[in-house]
Amino acid sequence: MKHILLILFALIAIGCSKPKTFLLNDNEKNKYYVSEFVNTVFEKDLIDSSPLVVINGIPFKYNKSKDTILLPLKKSDIYSLDFVNKNSSRIIYNEKENDGAIIITCKIETQNP
């Protein structure tokens, strides 16, 4: 009986896994802005638990085994957030192991010479 309960608990834990938590390098109010977006898209089953993060066209390298990933951005730096599903992101970014992609476009400040 204990083995059955243990297997059942493991299946529930695996089946209810959440995506990674992406934190912005911002104040407490804005810190979870990207994670809220990721959780919404994840709940709609459009991406899986370890999406690729692309910032201004460049894939952001992070350790996918970590639960919390700190993005070097503030909410005010972000122009738009979008996503690409798993199959499309594998074709576009040529990575076999990604579970979809979060596309972040940032405001680029131009410097006057």
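**A tour of the predicted model**

A search of the whole structure finds two salt bridges. The model is a predicted one, and the tour begins with these two pairs.

**First stop: the salt bridges**

Select Glu28 and Lys31, whose side chains form a salt bridge with an N to O distance of 3.6 Å. Glu28 is exposed, at 54% relative accessible area, whereas Lys31 is partly exposed, at 22%.

Next, select Asp48 and Lys86, the partners of a salt bridge in which the closest N and O atoms are 2.7 Å apart. This pair connects distant parts of the chain, 38 residues apart: Asp48 lies in the loop between α2 and β2, and Lys86 belongs to helix α3 (residues 86-93). Asp48 is partly exposed, with a relative accessible area of 23%; Lys86 also counts as partly exposed, at 29%.

**Second stop: the loop before α2**

Move to Asn30, in the loop between β1 and α2. Is Asn30 buried or exposed? Its relative accessible area is 17%, and because the cut-off for buried is under 20%, Asn30 is classed as buried. Leaving aside residues up to four places away in sequence, Asn30 touches Leu24 and Lys75.

**Third stop: helix α2**

Select residues 33-43, which make up helix α2, and highlight its buried residues: Val34, Ser35, Val38 and Val41. Viewed down the axis of α2, these buried residues fall within an arc of 125 degrees, so they line one face of the helix. Rotate to the other side of α2 to find Glu36 and Glu43, which are exposed.

To see what covers the buried residues of α2, display the strands β1 (21-24), β4 (68-71), β5 (78-84) and β6, which are included in that cover. Just after α2 comes Asp45, with a positive phi near 60 degrees.

**Fourth stop: strand β2 and its neighbours**

Select residues 52-55, strand β2. Leu52 and Val54 point one way from the strand, Val53 and Ile55 point the other way, and all are buried.

Add strand β6 (residues 101-106), which runs parallel to β2 and is joined to it by four bridges. Within β6, Ile104 is the bridge partner of Ile55.

Then add strand β3 (residues 58-60), antiparallel to β2 and joined to it by three bridges. Here Pro59 of β3 is the bridge partner of Val54. The tour ends at the hairpin of β2 and β3, which has two residues between the strands; in this hairpin Asn56 takes a positive phi near 50 degrees.

How values were computed:
Residues numbered from 1 in each chain as written. Predicted model: local features only at pLDDT ≥ 70, side-chain atom pairs only at ≥ 80, totals over all residues. Heavy atoms only, no water. Buried < 20%, exposed > 50% of the residue type's maximum accessible area, 1.4 Å probe, protein only. Pairing = 2+ DSSP bridges. Arc of directions from axis to C-beta. Contact = heavy atoms within 4.5 Å. Salt bridge = Lys/Arg side-chain N within 4 Å of Asp/Glu carboxyl O.
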